[in-house]
Amino acid sequence: LEIILQGPNRLDEDGQFDLKRSDPVVYSKRLEVGNGSKEIVCEGNLLFSSSSCKEVFHVENASPWSPESPELYTLILVLRRKDEVVDVEATRVGMRTIQIKDGVLQVNDVPVEVRGVNRHEHDDRKGKYCSRELMVEDLKLMKQLNMNAVRTSHYPNCILFYKLCDAYGLWVCDEANIETHGLVAENSEERLTQDASWEEAFMQRLTRMVIRDRNRPCVLVWSLGNESSYGRNHIAMAAWLREHERSRPVQYEGCGGAASTDIICPMYPSPQQLARLTRLEEQNRRSTELGHRWPQGTARGLRPVIMCEYAHAMNNSLGNFDEFWETIRSERVLQGGFIWDWTDQGMRKETEDGRTCWVYGGFHDEDVHDAQWNINGLTWPDRRLHPSALQAKKVLAPLVIRTEVEEGGRGQETILVLLSFRNLFNFLDLAAFEWRWSLREDGVKILESDLFAFGSVQPNGGEERTQVSISSSSFSSQAHERLLEISVLLKDNSSWAPRGYELTWHQQLLPAKLHVFPLPQEHAAPLRCTSSKELVVVEGGNGFRVEWCRRSGGLRGLWYKDVRIITESEDSPRHVKGLIQNFWRAHTDNDNGGSDTLRRFGATQQIYKQASGFKKDTPRIRGAVSFALWWFNLWGDTSYGSMWEAAGLPDLKPEEVDVNFQEQQEGTVLVVVKYAMRATGRRTRVSCTSTFRVHPTGDIMMEHSSDVSPFLPPLARIGTEFSIGGEFSRLEFYGRGPHETYTDRCSGGKIARHSMSVADTYVPYILPCENGNHCDVRWFALRREDGLGLLLSSPVSGETLHFSAHNFTAQDLYRAKTTLEVPTRKDITVTVDHKHMPCGGNTSWTRAHLEEYLIPPGRYTYSVRMTPIDNNDALCMPDFIPAAPARLDPPSAHLRVMARIRRRIALFMAYVPVGLAEYIVFFGSLAKENRTYLVLVLVLVLVL
């Protein structure tokens, strides 16, 4: 047997191996096989006296393999019978070492950062079959999103996938095809792993994977499976690995910190819970939680922490992703994780009239399904990126840019910006990249530099410092805001992206003069006011007219140049009569939480039929799980979505309406609208006041206040909603974008001026939900093709808005179960918010939105400026005008205390009995083998 090694080489930009870089043969040797005999030929068959052979050989000055530099060698095996070539085999191999040292996972003696994602094999037409082209597309996109690892959830993938990971450069967490999570409903998830008769089945699913994949350089770690509890069979699997395959560590989430895992690999911790895993006692902690039971760990030293699943990306999700990576990059043993997950596993469905959409569980006549719980990817099934994928790209970037502004130069004639580029690649210096800076004024790019090369910036924390000096002659004296933008670009074509691809970027606000001017009044016709039983009307010159409805309190109409802009939206399900305050949104999956989603899609009523192997028709949700869901709901520990519904927020309507107006000496008209938002049959009440100061120029200064009771849950938004004609579909805004952003998922959006149509703001999540919000918005405008339209802005320096604009309503989204059920209405629904609920991102089955982003109760006051415009008005940053800053007045102390006590009691009553029940179940399973535990169980039952 001859072994020939050629290389190294890697993929070029065309996806082909660069054979020109191949070195001559660096190793060629005749090996003795087995116990010393070379070849034994018997009746034409080649037989070895031993079933395997092992030879260790050394390559001088080898180029190590890594995701950043996937150097592969060509290994050629030539089997000869004397001078006759019997067989030739070839494969690509890479060289690297993997070890855990001082509690840190190291590759080639370097600590690594795992920026990974879970990937199911999925094609929206072919199911689990993925073509080579689709695999390559997946890997290229992952690389472009700054990912370097993939977990084969929850089974070994096609062998081609590993070869492509070798070539393109991604680590693989190779997972055995073992999962028994469905048994948790019967409180017997551990049944199979504790059953000796199942050991061979467990072992075969591991050993076959390891023997097949052990020579693949991309495989970083072995996984014993997923959500299969923990017991004797997992212990046997780990023991086999440590005896037969010691070149890689083993991990298993289901054993917590027990001895069968070399890596602490939790599922769905919050950033705070993740930080606690840097302590040994937390890594070794026992768990009795239903579905996650494991014994006390005995490790004496810290182990690496790499989350096997985190940041549940279900539809509109991936909030607070920044907080995860701030935590990870602050602690030595925290080394990353795998986002759940890569792509929405929806299947394409065509209707009788030829329209198509993606569908999920329940659309295929199944008795039992998980509804949309396979719709939780960073991409749609056709691999178009969700907005959340762009957030992941920004946060995961292995190059961190920091800036610091110093005003300097002669007579303050220049602005000096100090730049720092920190290289977080594990093996790659920054020679493969270049950077440039650009200058934006009020969102418009006015200046761009040439490209600059990096020096030799070492990986794993190496830093390059430089500076940018900008002359004041580059600036406009009228600009309200200036931004310096730094972009890092790919220097040459790569196998995964073309030259010039933007790896990451950073923006820095620069000093600018604050311009605050009163609104001009000259050359404007005086305003006229009229009042009737139904309306309050203010009219001015240039075809300007505003109407308020005395019954609803809404600003029901605005005309400019005799064209109606704001309408009454008669086709809205809520029949919103003009501009009115708004506190609700269409629920996201994270808003709904797990139990509410199960109820909404009927999972709690699903039945396993007797024909499927049960002795009789059996409820899917039963036993301890059913009890826990019922008990949580009984005490109000439900999702924000269900709490909003319980409070009647989707059905709030104005009552007790009072509309007054007053003509001011300076020529303005002050209209004050007061009402209480209430829902029929509910005690909920939100007192609202909206003050409109109408100027002869057509500007309307709006100040809105709302008094939210401390006994209400955190609201979805504090804002307003109104409708405009469908012809005002040209959108331009200055804020974060161009894709949707939310308060806890916004750092991936550039602050700039963005233009698009209203239709383009729709994010067609497979299960329709809240979408298309834009945050940190200075102003936005909606116009017709001829330029006539409406501009809304924050009148106060430093304050920004949230907004969305759609051809449908929140109620339309909430009722729809596929994108085909979302109507296209003739009017555009516009929301303008002072505060907006975060999208959340830890899990989709708990109230996992981080508290710092929630909207607490209190009295909110904020201002918005609304200006009609035409084609003669250049869209630019409106001047700031004298206005009161936004403020939050918290509820009185005694009300806050009462509300807090009420919540604590509810949480105590919800969680403590369920927690005790979990202990009883846990000890009860031990009681079968130990009478001492049986006594403890009986004592606990008596105490309860």
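# Notebook: helix 2, cysteines and salt bridges

I started with helix 2, where the buried residues are Phe161, Tyr162, Leu164, Cys165, Asp166, Ala167 and Tyr168. A reminder to myself: this is a predicted model. Helix 2 covers residues 159-168, and seven of its 10 residues are buried, so I noted it as mostly covered.

Next I looked up what lies over those residues. Among the elements covering the buried residues of helix 2 are helix 1 (132-144) and helix 3 (199-213). Strands are on the list too, including strand 5 (72-81), strand 11 (149-151), strand 12 (171-175) and strand 13 (219-223). Just after helix 2 I found Gly169, with a positive phi near 95°.

**Whole chain.** I then stepped back to the overall numbers. I have 14 helices and 50 strands down for the protein chain. The chain has 944 residues, and 56% of them are buried. For contacts with a separation of 6 or more, I noted that 70% join residues 24 or more positions apart. The accessible surface comes to about 40,700 Å², and carbon and sulfur atoms hold 50% of that.

**Cysteines.** How many disulfides are there by the distance rule? I got zero disulfides. Cys746 is in no disulfide, and its nearest cysteine sulfur belongs to Cys775, 4.3 Å away. The cut-off is 2.5 Å, so that pair does not count. I also checked cover: Cys746 has 17% relative accessibility and counts as buried. Cys769 is in no disulfide either; the nearest cysteine sulfur is that of Cys839, 9.8 Å away. Cys769 counts as buried as well, at 3% relative accessibility.

**Surface patch.** I looked for nonpolar side chains at the surface and wrote down one patch of about 200 Å², made by Val444, Ile446 and Leu447. Leu447 sits in strand 24, residues 444-448. Is Leu447 buried or partly exposed? I have Leu447 as partly exposed, because its relative accessible area is 31%.

**Salt bridges.** My search of the whole structure turned up 44 salt bridges. I went through some of them by hand.

- Glu441 and Arg482 pair through their side chains, 3.3 Å from N to O. Glu441 is in strand 23 (residues 433-441) and Arg482 in strand 27 (residues 482-490), so I logged a link between distant parts of the chain, 41 residues apart. Both ends of this bridge, Glu441 and Arg482, are buried.
- Glu463 bridges to Arg465, with 3.6 Å between the closest N and O atoms. Glu463 is partly exposed at 40% relative accessible area, whereas Arg465 is exposed at 65%.
- Arg784 meets Asp786 at 2.6 Å, N to O. Arg784 is partly exposed, with a relative accessible area of 22%, and Asp786 is partly exposed too, at 39%.

Which residues are joined into one network by salt bridges that share partners? I listed Glu539, Arg545, Glu547, Arg556, Arg564 and Glu568.

**Recap.** For the bench copy, I keep three points. Helix 2 is mostly covered, and its cover includes both helices and strands. Cys746 and Cys769 are each buried, with the disulfide count at zero. Among the salt bridges, the Glu441 to Arg482 pair has both partners buried, whereas Arg465, the partner of Glu463, is exposed.

Note on methods:
Residues are numbered from 1 along each chain as its sequence is written. This is a predicted model: local features need pLDDT of at least 70, side-chain atom pairs count only at pLDDT 80 or more; totals for chains, interfaces and linings use all residues. Side-chain values use heavy atoms; hydrogens and water are left out. Buried means under 20% relative accessible area, exposed over 50%, partly exposed in between (1.4 Å probe, protein chains only). Helices (H or I, at least four residues) and strands (E, at least two) are DSSP runs, numbered from the N terminus. Contact means heavy atoms within 4.5 Å. Accessible areas come from the Shrake-Rupley method with a 1.4 Å probe; for residues, only the protein chains shown count as cover. Patches are made of residues with over 30% relative accessible area and no salt bridge: like charges are joined within 9 Å, nonpolar side chains (Val, Leu, Ile, Met, Phe, Trp, Tyr) within 5 Å. A salt bridge is a side-chain nitrogen of Lys or Arg within 4 Å of a carboxyl oxygen of Asp or Glu.
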